[in-house]
Amino acid sequence: MDQTDLLLLHLLEENSRLSPEELGVMAELSADEVRHRITALEEGKIIKSYITIIDWERAADGGVAAIIELKVNPERDYGYDRIAERLANFPEVKALRLITGVYDLQLLVTGKTMHDVARFVSEYIAPMDRIRETATHIIMKTYKENGQSFYEREAGERIPYSL
Amino acid sequence: MMRDFVSARARTIPPSGIRKFFDLALSMEGIISLGVGEPDFPTPWNICEASIYSIEQGGTSYTSNRGLQPLRESLSIWLRQHYQLSYDPEQEMIITTGVSEGLDIAVRAVTDPGDEIIIAEPSYVSYAPCVTLAGGVPVPVQCREKDHFRLSPDHLMDAVSKKTKALIINFPNNPTGAVMRKEHLSAIADIIRDHDLLLISDEVYSELTYDGGHVSPATLEGMRDRTITLNGFSKAYAMTGWRIGYLCAPRDICDAALKIHQYVMLCAPVMGQVAALEGLRRGEAEKDRMIQEYRVRRNLFVEGLNRLGFSCHLPEGAFYAFPSVEKTGLSDLEFAERLLTEEKVAVVPGSVLGSGGENHCRCAYAVSRKDLAEALNRMEHFIHTL
(Lines give C-alpha, C1' and ligand atoms only; values in the text may rest on other atoms or scores of the structure.)
Protein backbone atom coordinates (compact mmCIF):
# COMPACT_ATOMS: atom_id res chain seq x y z
CA MET A 1 0.00 0.00 0.00
CA ASP A 2 1.34 3.38 -1.00
CA GLN A 3 -0.09 6.85 -1.74
CA THR A 4 -1.06 5.78 -5.24
CA ASP A 5 -2.99 2.76 -3.94
CA LEU A 6 -4.80 5.05 -1.52
CA LEU A 7 -5.68 7.42 -4.35
CA LEU A 8 -7.06 4.52 -6.43
CA LEU A 9 -9.13 3.36 -3.44
CA HIS A 10 -10.57 6.83 -2.93
CA LEU A 11 -11.43 7.17 -6.60
CA LEU A 12 -13.06 3.73 -6.72
CA GLU A 13 -14.96 4.25 -3.49
CA GLU A 14 -16.54 7.27 -5.09
CA ASN A 15 -17.16 5.66 -8.47
CA SER A 16 -16.41 1.97 -8.93
CA ARG A 17 -17.24 2.11 -12.63
CA LEU A 18 -14.11 4.05 -13.61
CA SER A 19 -12.12 2.10 -16.18
CA PRO A 20 -8.42 1.29 -15.74
CA GLU A 21 -7.74 3.73 -18.58
CA GLU A 22 -9.59 6.56 -16.84
CA LEU A 23 -8.02 5.73 -13.50
CA GLY A 24 -4.62 5.68 -15.18
CA VAL A 25 -5.00 9.24 -16.46
CA MET A 26 -6.20 10.44 -13.07
CA ALA A 27 -3.47 8.74 -11.06
CA GLU A 28 -0.64 9.21 -13.55
CA LEU A 29 -0.26 5.45 -14.25
CA SER A 30 -0.61 3.22 -17.29
CA ALA A 31 -3.83 1.22 -17.56
CA ASP A 32 -1.84 -1.97 -17.02
CA GLU A 33 -0.32 -0.64 -13.82
CA VAL A 34 -3.83 0.20 -12.64
CA ARG A 35 -5.06 -3.32 -13.42
CA HIS A 36 -2.11 -4.81 -11.60
CA ARG A 37 -2.65 -2.66 -8.53
CA ILE A 38 -6.40 -3.30 -8.43
CA THR A 39 -5.89 -7.05 -8.71
CA ALA A 40 -3.49 -6.88 -5.77
CA LEU A 41 -5.99 -4.86 -3.75
CA GLU A 42 -8.73 -7.36 -4.55
CA GLU A 43 -6.54 -10.33 -3.67
CA GLY A 44 -5.50 -8.63 -0.44
CA LYS A 45 -9.24 -8.32 0.40
CA ILE A 46 -8.82 -4.58 0.69
CA ILE A 47 -11.36 -4.13 -2.08
CA LYS A 48 -14.28 -6.24 -0.87
CA SER A 49 -16.84 -5.68 -3.61
CA TYR A 50 -18.15 -3.12 -6.06
CA ILE A 51 -21.56 -1.99 -4.94
CA THR A 52 -24.12 0.62 -5.89
CA ILE A 53 -25.47 3.13 -3.43
CA ILE A 54 -29.20 3.36 -3.85
CA ASP A 55 -31.56 5.83 -2.30
CA TRP A 56 -34.33 3.31 -1.61
CA GLU A 57 -36.63 5.97 -0.25
CA ARG A 58 -36.49 7.73 -3.60
CA ALA A 59 -36.88 4.42 -5.44
CA ALA A 60 -40.22 4.20 -3.59
CA ASP A 61 -39.59 0.59 -2.77
CA GLY A 62 -41.41 1.03 0.50
CA GLY A 63 -38.79 -0.92 2.37
CA VAL A 64 -38.04 -0.40 6.03
CA ALA A 65 -34.66 -0.37 7.70
CA ALA A 66 -33.86 -0.48 11.37
CA ILE A 67 -30.82 -0.31 13.58
CA ILE A 68 -31.01 -3.05 16.20
CA GLU A 69 -28.82 -2.97 19.24
CA LEU A 70 -28.19 -6.10 21.27
CA LYS A 71 -26.81 -6.84 24.71
CA VAL A 72 -25.05 -10.17 24.48
CA ASN A 73 -23.41 -12.51 26.99
CA PRO A 74 -20.03 -13.31 25.49
CA GLU A 75 -18.97 -16.94 25.26
CA ARG A 76 -15.89 -18.43 26.90
CA ASP A 77 -13.08 -18.84 24.33
CA TYR A 78 -15.10 -17.23 21.54
CA GLY A 79 -16.24 -13.88 22.91
CA TYR A 80 -18.80 -12.39 20.55
CA ASP A 81 -17.54 -14.05 17.39
CA ARG A 82 -19.77 -17.13 17.19
CA ILE A 83 -23.00 -15.36 17.89
CA ALA A 84 -22.00 -12.58 15.52
CA GLU A 85 -21.38 -15.11 12.75
CA ARG A 86 -24.79 -16.70 13.33
CA LEU A 87 -26.47 -13.30 13.14
CA ALA A 88 -24.51 -12.33 10.03
CA ASN A 89 -25.86 -15.37 8.18
CA PHE A 90 -29.36 -13.87 8.03
CA PRO A 91 -29.83 -12.07 4.70
CA GLU A 92 -31.97 -9.51 6.53
CA VAL A 93 -28.86 -8.37 8.38
CA LYS A 94 -27.12 -5.89 6.11
CA ALA A 95 -24.46 -4.72 8.52
CA LEU A 96 -23.20 -6.00 11.86
CA ARG A 97 -20.71 -4.43 14.20
CA LEU A 98 -19.29 -4.95 17.68
CA ILE A 99 -19.47 -1.63 19.50
CA THR A 100 -18.51 -0.07 22.80
CA GLY A 101 -21.08 1.40 25.18
CA VAL A 102 -24.34 0.15 26.66
CA TYR A 103 -24.96 -2.37 23.89
CA ASP A 104 -22.56 -4.87 22.39
CA LEU A 105 -23.68 -5.56 18.84
CA GLN A 106 -25.30 -3.25 16.36
CA LEU A 107 -27.19 -4.56 13.32
CA LEU A 108 -28.68 -2.90 10.30
CA VAL A 109 -31.75 -4.89 9.32
CA THR A 110 -34.00 -4.35 6.33
CA GLY A 111 -37.44 -5.68 5.48
CA LYS A 112 -40.38 -4.94 3.24
CA THR A 113 -42.59 -3.62 6.03
CA MET A 114 -42.31 -2.53 9.64
CA HIS A 115 -44.09 -5.76 10.50
CA ASP A 116 -41.40 -7.80 8.71
CA VAL A 117 -38.65 -6.15 10.71
CA ALA A 118 -40.52 -6.53 14.00
CA ARG A 119 -41.21 -10.19 13.30
CA PHE A 120 -37.61 -10.87 12.35
CA VAL A 121 -36.39 -9.35 15.60
CA SER A 122 -38.94 -11.03 17.83
CA GLU A 123 -38.86 -14.46 16.20
CA TYR A 124 -35.21 -14.85 15.29
CA ILE A 125 -33.01 -12.40 17.14
CA ALA A 126 -34.52 -11.89 20.57
CA PRO A 127 -34.95 -15.60 21.42
CA MET A 128 -31.35 -16.51 20.58
CA ASP A 129 -29.28 -17.80 23.44
CA ARG A 130 -26.94 -15.26 25.01
CA ILE A 131 -28.98 -12.27 23.81
CA ARG A 132 -30.17 -10.43 26.89
CA GLU A 133 -31.78 -7.36 25.50
CA THR A 134 -32.69 -5.74 22.18
CA ALA A 135 -33.45 -2.18 21.17
CA THR A 136 -34.96 -1.51 17.77
CA HIS A 137 -34.64 1.87 16.08
CA ILE A 138 -36.60 2.32 12.86
CA ILE A 139 -34.76 4.53 10.39
CA MET A 140 -36.97 7.46 9.46
CA LYS A 141 -34.80 9.28 6.96
CA THR A 142 -31.29 8.87 5.58
CA TYR A 143 -29.27 12.05 5.14
CA LYS A 144 -25.90 10.58 4.28
CA GLU A 145 -24.70 7.10 3.37
CA ASN A 146 -21.15 5.95 2.74
CA GLY A 147 -19.91 9.52 2.41
CA GLN A 148 -22.62 10.50 -0.06
CA SER A 149 -25.19 13.12 0.88
CA PHE A 150 -28.75 12.15 0.02
CA TYR A 151 -30.02 15.70 -0.23
CA GLU A 152 -29.34 18.23 -2.95
CA ARG A 153 -27.38 21.14 -1.62
CA GLU A 154 -28.44 24.49 -3.02
CA ALA A 155 -25.14 25.58 -4.49
CA GLY A 156 -24.18 29.15 -3.75
CA GLU A 157 -24.36 31.64 -6.60
CA ARG A 158 -21.14 31.36 -8.52
CA ILE A 159 -20.13 34.08 -10.93
CA PRO A 160 -19.22 32.95 -14.47
CA TYR A 161 -15.85 34.73 -14.60
CA SER A 162 -13.25 36.00 -12.18
CA LEU A 163 -9.65 36.84 -13.04
CA MET B 1 -21.24 72.73 -17.10
CA MET B 2 -19.92 70.41 -14.42
CA ARG B 3 -16.29 69.37 -14.08
CA ASP B 4 -15.27 65.79 -14.79
CA PHE B 5 -14.69 64.62 -11.26
CA VAL B 6 -12.98 61.35 -12.14
CA SER B 7 -9.26 61.55 -11.51
CA ALA B 8 -6.79 61.22 -14.32
CA ARG B 9 -5.23 58.31 -12.48
CA ALA B 10 -8.51 56.41 -12.20
CA ARG B 11 -9.16 57.14 -15.86
CA THR B 12 -5.89 55.54 -16.92
CA ILE B 13 -6.81 52.21 -15.38
CA PRO B 14 -8.19 49.93 -18.07
CA PRO B 15 -11.65 48.43 -17.53
CA SER B 16 -11.95 44.68 -17.12
CA GLY B 17 -11.13 42.85 -20.34
CA ILE B 18 -13.93 40.37 -19.83
CA ARG B 19 -16.84 42.69 -19.06
CA LYS B 20 -18.45 41.79 -22.38
CA PHE B 21 -18.10 38.06 -21.71
CA PHE B 22 -19.43 38.45 -18.21
CA ASP B 23 -22.58 40.17 -19.41
CA LEU B 24 -23.05 37.64 -22.20
CA ALA B 25 -22.69 34.73 -19.79
CA LEU B 26 -25.15 36.18 -17.31
CA SER B 27 -27.79 36.29 -20.05
CA MET B 28 -27.35 32.58 -20.86
CA GLU B 29 -28.49 29.34 -19.23
CA GLY B 30 -26.67 26.02 -18.99
CA ILE B 31 -23.15 27.38 -19.03
CA ILE B 32 -20.21 25.36 -17.85
CA SER B 33 -17.84 27.92 -16.49
CA LEU B 34 -14.12 27.28 -16.57
CA GLY B 35 -13.76 31.01 -16.11
CA VAL B 36 -13.79 31.34 -12.35
CA GLY B 37 -10.55 31.49 -10.41
CA GLU B 38 -11.89 29.89 -7.26
CA PRO B 39 -12.42 26.43 -5.83
CA ASP B 40 -15.78 24.82 -6.55
CA PHE B 41 -15.73 23.21 -3.10
CA PRO B 42 -17.61 24.91 -0.31
CA THR B 43 -15.44 25.92 2.65
CA PRO B 44 -14.79 22.80 4.81
CA TRP B 45 -17.57 22.56 7.33
CA ASN B 46 -15.46 22.64 10.49
CA ILE B 47 -14.15 26.03 9.36
CA CYS B 48 -17.69 27.39 8.82
CA GLU B 49 -18.79 25.89 12.12
CA ALA B 50 -15.97 27.58 14.05
CA SER B 51 -16.90 30.93 12.57
CA ILE B 52 -20.64 30.49 13.16
CA TYR B 53 -19.96 29.55 16.77
CA SER B 54 -17.79 32.60 17.31
CA ILE B 55 -20.49 34.87 15.88
CA GLU B 56 -22.99 33.27 18.26
CA GLN B 57 -20.59 34.04 21.10
CA GLY B 58 -20.57 37.68 20.10
CA GLY B 59 -17.33 37.69 18.14
CA THR B 60 -18.33 40.50 15.82
CA SER B 61 -16.01 43.34 16.66
CA TYR B 62 -12.83 44.91 15.26
CA THR B 63 -9.58 43.10 15.83
CA SER B 64 -6.18 44.72 16.27
CA ASN B 65 -4.92 46.27 13.04
CA ARG B 66 -2.45 43.48 12.50
CA GLY B 67 -5.11 40.83 13.00
CA LEU B 68 -5.94 38.32 15.73
CA GLN B 69 -2.86 37.47 17.71
CA PRO B 70 -3.52 33.69 17.85
CA LEU B 71 -3.95 33.64 14.08
CA ARG B 72 -0.62 35.39 13.53
CA GLU B 73 1.07 33.08 16.04
CA SER B 74 -0.27 29.96 14.35
CA LEU B 75 0.55 31.31 10.95
CA SER B 76 4.11 32.06 11.96
CA ILE B 77 4.54 28.45 13.11
CA TRP B 78 2.79 27.08 10.04
CA LEU B 79 5.01 29.10 7.68
CA ARG B 80 8.12 27.89 9.45
CA GLN B 81 7.02 24.25 9.33
CA HIS B 82 5.81 24.24 5.74
CA TYR B 83 8.05 26.69 3.91
CA GLN B 84 10.95 27.31 6.33
CA LEU B 85 9.91 30.98 6.43
CA SER B 86 10.65 32.88 9.61
CA TYR B 87 8.48 35.89 10.38
CA ASP B 88 7.83 37.48 13.74
CA PRO B 89 4.04 37.50 14.28
CA GLU B 90 4.29 40.72 16.32
CA GLN B 91 6.41 42.79 13.95
CA GLU B 92 6.51 41.30 10.50
CA MET B 93 3.00 40.13 9.72
CA ILE B 94 -0.38 41.69 8.87
CA ILE B 95 -3.62 39.80 8.32
CA THR B 96 -5.16 41.43 5.24
CA THR B 97 -8.56 41.46 3.59
CA GLY B 98 -7.58 38.91 0.98
CA VAL B 99 -4.30 38.93 -0.90
CA SER B 100 -5.84 41.72 -3.00
CA GLU B 101 -5.50 44.14 -0.13
CA GLY B 102 -2.09 42.74 0.79
CA LEU B 103 -0.90 43.48 -2.73
CA ASP B 104 -2.29 47.01 -2.66
CA ILE B 105 -0.71 48.00 0.64
CA ALA B 106 2.56 46.28 -0.29
CA VAL B 107 2.81 48.24 -3.52
CA ARG B 108 1.80 51.51 -1.88
CA ALA B 109 4.25 50.99 0.96
CA VAL B 110 7.22 50.86 -1.39
CA THR B 111 6.32 52.89 -4.49
CA ASP B 112 7.39 56.49 -5.08
CA PRO B 113 6.19 58.48 -8.10
CA GLY B 114 7.98 57.30 -11.22
CA ASP B 115 9.30 54.07 -9.70
CA GLU B 116 9.21 51.25 -12.19
CA ILE B 117 7.71 48.00 -10.95
CA ILE B 118 8.31 44.99 -13.17
CA ILE B 119 5.39 42.58 -13.47
CA ALA B 120 5.84 39.02 -14.70
CA GLU B 121 3.05 38.35 -17.20
CA PRO B 122 0.70 36.79 -18.14
CA SER B 123 -0.73 37.37 -14.71
CA TYR B 124 -3.63 38.15 -12.50
CA VAL B 125 -5.04 41.48 -13.64
CA SER B 126 -4.66 43.70 -10.58
CA TYR B 127 -0.87 44.09 -10.39
CA ALA B 128 -0.49 46.79 -13.03
CA PRO B 129 -3.48 48.90 -11.87
CA CYS B 130 -2.25 48.72 -8.26
CA VAL B 131 1.14 50.03 -9.38
CA THR B 132 -0.47 52.80 -11.44
CA LEU B 133 -2.70 53.85 -8.54
CA ALA B 134 0.35 54.04 -6.31
CA GLY B 135 1.98 56.43 -8.76
CA GLY B 136 4.43 53.85 -10.08
CA VAL B 137 5.04 52.70 -13.62
CA PRO B 138 4.19 49.07 -14.39
CA VAL B 139 6.72 47.39 -16.68
CA PRO B 140 5.58 44.03 -18.03
CA VAL B 141 8.02 41.21 -18.62
CA GLN B 142 6.79 38.24 -20.53
CA CYS B 143 7.02 34.63 -19.34
CA ARG B 144 7.13 32.44 -22.42
CA GLU B 145 5.67 29.10 -23.28
CA LYS B 146 9.07 27.79 -24.36
CA ASP B 147 10.27 28.45 -20.78
CA HIS B 148 7.21 26.62 -19.40
CA PHE B 149 5.89 30.08 -18.55
CA ARG B 150 8.60 30.61 -15.96
CA LEU B 151 10.26 34.00 -15.68
CA SER B 152 13.55 33.81 -17.51
CA PRO B 153 16.49 35.74 -16.02
CA ASP B 154 17.43 37.07 -19.48
CA HIS B 155 14.03 38.59 -20.04
CA LEU B 156 14.03 40.04 -16.55
CA MET B 157 17.42 41.65 -17.21
CA ASP B 158 16.04 43.28 -20.36
CA ALA B 159 13.29 44.91 -18.28
CA VAL B 160 15.50 46.23 -15.48
CA SER B 161 16.39 49.91 -15.67
CA LYS B 162 17.85 52.51 -13.30
CA LYS B 163 14.31 53.34 -12.20
CA THR B 164 13.35 49.79 -11.34
CA LYS B 165 12.31 49.44 -7.71
CA ALA B 166 10.62 46.08 -7.47
CA LEU B 167 9.48 42.94 -9.22
CA ILE B 168 6.07 41.31 -8.75
CA ILE B 169 5.81 37.57 -9.37
CA ASN B 170 3.08 35.00 -8.75
CA PHE B 171 4.11 31.35 -8.70
CA PRO B 172 2.37 28.90 -8.87
CA ASN B 173 0.93 31.14 -11.52
CA ASN B 174 -2.49 32.32 -12.44
CA PRO B 175 -3.16 31.83 -15.40
CA THR B 176 -0.45 29.43 -16.62
CA GLY B 177 -0.06 27.01 -13.71
CA ALA B 178 3.71 27.51 -13.98
CA VAL B 179 5.89 26.82 -10.96
CA MET B 180 9.37 28.24 -10.29
CA ARG B 181 11.59 25.60 -8.68
CA LYS B 182 14.48 26.57 -6.47
CA GLU B 183 16.98 26.74 -9.32
CA HIS B 184 14.71 29.02 -11.34
CA LEU B 185 14.11 31.32 -8.38
CA SER B 186 17.81 31.45 -7.55
CA ALA B 187 18.63 32.89 -10.96
CA ILE B 188 15.99 35.60 -10.45
CA ALA B 189 17.18 36.27 -6.90
CA ASP B 190 20.73 36.90 -8.17
CA ILE B 191 19.43 39.71 -10.39
CA ILE B 192 17.29 41.15 -7.61
CA ARG B 193 20.26 41.32 -5.25
CA ASP B 194 22.69 42.61 -7.89
CA HIS B 195 20.36 45.48 -8.77
CA ASP B 196 19.23 46.18 -5.22
CA LEU B 197 15.58 45.47 -5.99
CA LEU B 198 12.64 44.37 -3.89
CA LEU B 199 10.57 41.27 -4.63
CA ILE B 200 6.81 41.18 -4.11
CA SER B 201 5.89 37.51 -4.20
CA ASP B 202 2.21 36.58 -4.44
CA GLU B 203 2.11 32.96 -3.32
CA VAL B 204 -1.63 32.45 -2.94
CA TYR B 205 -1.45 29.16 -4.88
CA SER B 206 1.56 27.86 -2.93
CA GLU B 207 -0.24 24.86 -1.44
CA LEU B 208 -1.34 23.83 -4.92
CA THR B 209 2.12 22.75 -6.02
CA TYR B 210 1.74 19.23 -7.30
CA ASP B 211 5.28 17.90 -7.18
CA GLY B 212 8.23 18.72 -5.03
CA GLY B 213 6.68 21.29 -2.72
CA HIS B 214 6.58 25.07 -2.81
CA VAL B 215 9.74 27.13 -2.52
CA SER B 216 9.16 30.54 -1.03
CA PRO B 217 11.62 33.08 -2.49
CA ALA B 218 12.21 34.75 0.88
CA THR B 219 14.00 31.57 1.99
CA LEU B 220 16.72 32.02 -0.63
CA GLU B 221 20.00 33.45 0.53
CA GLY B 222 19.92 37.20 1.08
CA MET B 223 16.29 37.48 -0.01
CA ARG B 224 14.40 37.70 3.26
CA ASP B 225 15.18 41.39 3.76
CA ARG B 226 14.16 42.30 0.23
CA THR B 227 10.99 40.26 -0.15
CA ILE B 228 7.35 40.92 0.66
CA THR B 229 5.59 37.56 0.90
CA LEU B 230 1.86 37.64 0.17
CA ASN B 231 -0.38 34.67 0.74
CA GLY B 232 -3.89 33.81 1.85
CA PHE B 233 -6.54 31.23 2.56
CA SER B 234 -8.79 31.63 -0.47
CA LYS B 235 -7.44 28.96 -2.77
CA ALA B 236 -6.01 26.23 -0.56
CA TYR B 237 -8.85 26.25 1.98
CA ALA B 238 -11.68 27.10 -0.46
CA MET B 239 -12.28 30.35 1.41
CA THR B 240 -12.50 32.98 -1.34
CA GLY B 241 -15.54 34.76 0.08
CA TRP B 242 -14.05 35.10 3.55
CA ARG B 243 -11.41 37.52 2.29
CA ILE B 244 -8.42 36.56 4.43
CA GLY B 245 -4.85 36.98 3.31
CA TYR B 246 -1.59 37.96 4.93
CA LEU B 247 1.46 40.05 4.28
CA CYS B 248 4.87 39.16 5.67
CA ALA B 249 7.80 41.52 5.32
CA PRO B 250 10.82 42.85 7.15
CA ARG B 251 9.83 45.19 9.94
CA ASP B 252 10.35 48.58 8.25
CA ILE B 253 8.27 47.62 5.22
CA CYS B 254 5.67 45.91 7.40
CA ASP B 255 5.35 49.06 9.53
CA ALA B 256 4.77 51.16 6.43
CA ALA B 257 2.17 48.71 5.07
CA LEU B 258 0.49 48.62 8.48
CA LYS B 259 -0.02 52.39 8.44
CA ILE B 260 -1.82 52.15 5.11
CA HIS B 261 -3.78 49.10 6.26
CA GLN B 262 -4.98 50.81 9.43
CA TYR B 263 -6.20 53.87 7.55
CA VAL B 264 -7.92 52.14 4.64
CA MET B 265 -9.04 48.80 6.11
CA LEU B 266 -8.62 48.99 9.88
CA CYS B 267 -8.63 45.21 10.08
CA ALA B 268 -9.66 42.13 8.16
CA PRO B 269 -13.16 40.82 9.01
CA VAL B 270 -13.05 39.00 12.34
CA MET B 271 -15.36 36.17 11.19
CA GLY B 272 -12.90 35.35 8.44
CA GLN B 273 -9.94 35.51 10.78
CA VAL B 274 -11.58 33.05 13.18
CA ALA B 275 -12.34 30.78 10.23
CA ALA B 276 -8.76 30.99 8.98
CA LEU B 277 -7.43 30.01 12.41
CA GLU B 278 -9.63 26.91 12.39
CA GLY B 279 -8.32 26.14 8.90
CA LEU B 280 -4.74 26.27 10.15
CA ARG B 281 -5.45 24.23 13.25
CA ARG B 282 -7.74 21.54 11.91
CA GLY B 283 -8.11 22.09 8.19
CA GLU B 284 -5.08 20.23 6.87
CA ALA B 285 -6.80 16.95 5.98
CA GLU B 286 -9.64 18.58 4.04
CA LYS B 287 -7.19 20.90 2.31
CA ASP B 288 -5.06 17.96 1.22
CA ARG B 289 -8.13 16.09 0.01
CA MET B 290 -9.13 19.03 -2.18
CA ILE B 291 -5.61 19.41 -3.55
CA GLN B 292 -5.52 15.72 -4.43
CA GLU B 293 -8.79 16.16 -6.29
CA TYR B 294 -7.44 19.16 -8.24
CA ARG B 295 -4.50 17.06 -9.29
CA VAL B 296 -6.80 14.28 -10.55
CA ARG B 297 -8.83 16.84 -12.47
CA ARG B 298 -5.71 18.43 -13.91
CA ASN B 299 -4.58 15.07 -15.23
CA LEU B 300 -7.99 14.36 -16.78
CA PHE B 301 -8.47 17.79 -18.27
CA VAL B 302 -4.99 18.34 -19.70
CA GLU B 303 -5.01 14.86 -21.20
CA GLY B 304 -8.38 15.71 -22.75
CA LEU B 305 -7.13 19.01 -24.17
CA ASN B 306 -4.10 17.40 -25.72
CA ARG B 307 -6.30 14.61 -27.13
CA LEU B 308 -8.36 17.31 -28.85
CA GLY B 309 -5.19 18.71 -30.33
CA PHE B 310 -4.82 21.83 -28.20
CA SER B 311 -1.24 22.06 -27.16
CA CYS B 312 -1.16 22.40 -23.38
CA HIS B 313 1.85 21.97 -21.13
CA LEU B 314 1.17 20.18 -17.86
CA PRO B 315 0.56 22.87 -15.24
CA GLU B 316 2.67 22.12 -12.17
CA GLY B 317 0.59 24.20 -9.82
CA ALA B 318 -2.59 26.25 -9.19
CA PHE B 319 -5.81 25.02 -10.86
CA TYR B 320 -5.53 26.45 -14.35
CA ALA B 321 -4.75 24.93 -17.71
CA PHE B 322 -3.48 27.38 -20.30
CA PRO B 323 -3.82 25.73 -23.70
CA SER B 324 -2.89 27.34 -27.00
CA VAL B 325 -5.86 27.86 -29.30
CA GLU B 326 -3.67 28.68 -32.28
CA LYS B 327 -4.61 25.58 -34.24
CA THR B 328 -8.25 26.69 -34.38
CA GLY B 329 -7.18 29.67 -36.49
CA LEU B 330 -9.10 31.94 -34.12
CA SER B 331 -7.67 34.60 -31.88
CA ASP B 332 -8.08 33.87 -28.18
CA LEU B 333 -10.80 36.55 -27.95
CA GLU B 334 -12.74 35.05 -30.87
CA PHE B 335 -12.26 31.56 -29.50
CA ALA B 336 -13.52 32.49 -26.04
CA GLU B 337 -16.51 34.38 -27.40
CA ARG B 338 -17.57 31.69 -29.86
CA LEU B 339 -17.01 28.87 -27.38
CA LEU B 340 -19.30 30.74 -25.00
CA THR B 341 -22.06 31.63 -27.45
CA GLU B 342 -22.00 28.41 -29.49
CA GLU B 343 -21.14 25.77 -26.89
CA LYS B 344 -21.84 27.52 -23.60
CA VAL B 345 -18.39 26.95 -22.18
CA ALA B 346 -16.82 29.96 -20.47
CA VAL B 347 -13.02 30.34 -20.62
CA VAL B 348 -10.88 33.45 -20.18
CA PRO B 349 -9.09 34.74 -23.30
CA GLY B 350 -5.37 34.89 -22.50
CA SER B 351 -4.75 38.32 -23.97
CA VAL B 352 -6.72 40.01 -21.17
CA LEU B 353 -4.15 38.54 -18.76
CA GLY B 354 -1.21 40.51 -20.11
CA SER B 355 1.59 40.03 -22.58
CA GLY B 356 2.29 36.41 -23.46
CA GLY B 357 -1.35 35.48 -23.01
CA GLU B 358 -2.29 35.93 -26.66
CA ASN B 359 -3.48 32.80 -28.48
CA HIS B 360 -4.11 31.04 -25.21
CA CYS B 361 -7.12 30.56 -22.99
CA ARG B 362 -7.27 30.11 -19.26
CA CYS B 363 -9.41 27.17 -18.20
CA ALA B 364 -9.94 26.78 -14.47
CA TYR B 365 -10.33 23.09 -13.71
CA ALA B 366 -11.73 23.73 -10.25
CA VAL B 367 -15.05 22.31 -11.39
CA SER B 368 -16.48 18.80 -11.01
CA ARG B 369 -15.05 15.98 -13.10
CA LYS B 370 -18.45 15.58 -14.71
CA ASP B 371 -18.46 19.21 -15.84
CA LEU B 372 -14.88 18.94 -17.05
CA ALA B 373 -15.81 15.94 -19.19
CA GLU B 374 -18.82 17.78 -20.58
CA ALA B 375 -16.72 20.89 -21.28
CA LEU B 376 -14.28 18.72 -23.25
CA ASN B 377 -17.19 17.19 -25.22
CA ARG B 378 -18.44 20.64 -26.10
CA MET B 379 -14.96 21.80 -27.10
CA GLU B 380 -14.62 18.76 -29.33
CA HIS B 381 -17.94 19.57 -30.96
CA PHE B 382 -16.83 23.17 -31.39
CA ILE B 383 -13.62 22.19 -33.18
CA HIS B 384 -15.57 19.98 -35.59
CA THR B 385 -17.93 22.80 -36.49
CA LEU B 386 -15.13 25.24 -37.31
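In this predicted model, Gln84(B) adopts a positive phi of about 60° just after helix α4(B). The helix that precedes Gln84(B) spans residues 69-83 of chain B. From first C-alpha to last, α4(B) reaches 21 Å over its 15 residues, close to the 21 Å expected at 1.5 Å a residue.

Four residues of α4(B) are buried: Leu71(B), Arg72(B), Leu75(B) and Leu79(B). Because these four cover an arc of only 90° around the axis, they lie on the same side of α4(B). Their packing partners are the strands β2 (93-96) and β8 (245-248) and the helix α10 (270-282), which belong to chain B. On the face turned away from the buried side, α4(B) carries Ile77(B), Arg80(B) and Gln81(B), which are exposed.

**Domains**

Both chains are divided into two domains, with bounds and centre separations as follows.

| Chain | Domain 1 | Domain 2 | Distance between C-alpha centres |
|---|---|---|---|
| Chain A | residues 3-43 | residues 64-143 | 35 Å |
| Chain B | residues 8-43 + 285-385 | residues 45-283 | 25 Å |

In chain B, the contact between the domains takes 32 residues from domain 1 and 36 residues from domain 2. On the domain 1 side, the elements that give two or more residues are α1 (8-12), α11 (284-307) and β9 (320-321) of chain B. Of these, α11(B) gives the most, with 6 residues. By class, the side of domain 1 of chain B that touches domain 2 has 15 nonpolar, 10 polar and 7 charged residues.

**Nonpolar cores**

In soluble globular proteins, nonpolar side chains tend to be buried together. The largest nonpolar core here has 117 residues, and those touching the most other members are Leu34(B), Ala106(B), Leu247(B), Ala257(B) and Tyr365(B). Helix α5 (residues 98-110) of chain B supplies the largest share of this core, 7 residues. Domain 1 and domain 2 of chain B both give residues to the core, so it lies between them.

Leu247(B) can be followed in detail. Leaving aside residues up to four places away in sequence, Leu247(B) touches Ile94(B), Thr96(B), Gly102(B), Ile105(B), Ala106(B), Ile228(B), Leu230(B) and Ala257(B). A second, separate core has 14 residues, including Ala66(A), Leu70(A), Val72(A) and Val121(A).

**An exposed position in α9(B)**

Asp252(B) is found in helix α9 (residues 251-264) of chain B. Asp252(B) counts as exposed because 12 other C-beta atoms lie within 10 Å, and a residue with 12 or fewer is classed as exposed. Asp252(B) and Ala109(B) are 143 residues apart in sequence, while their C-alpha atoms are 9.8 Å apart in space.

**Contact between the chains**

Between the two chains, 10 residues of chain A are in contact with 20 residues of chain B. The chain A side of this contact is made up of 7 nonpolar, 1 polar and 2 charged residues.

How values were computed. Residues numbered from 1 in each chain as written. Chains lettered and ligands numbered in written order. Predicted model: local features only at pLDDT ≥ 70, side-chain atom pairs only at ≥ 80, totals over all residues. Contact = placed C-beta atoms within 7 Å. Nonpolar A, V, L, I, M, F, W, Y, C, P; charged D, E, K, R; others polar. Expected span 1.5 Å × (residues − 1). Buried ≥ 20, exposed ≤ 12 C-beta atoms within 10 Å, placed from the backbone. Arc of directions from axis to C-beta. Domains from an automatic or database assignment. Core = buried A, V, L, I, M, F, W, Y, C linked by C-beta atoms within 7 Å.
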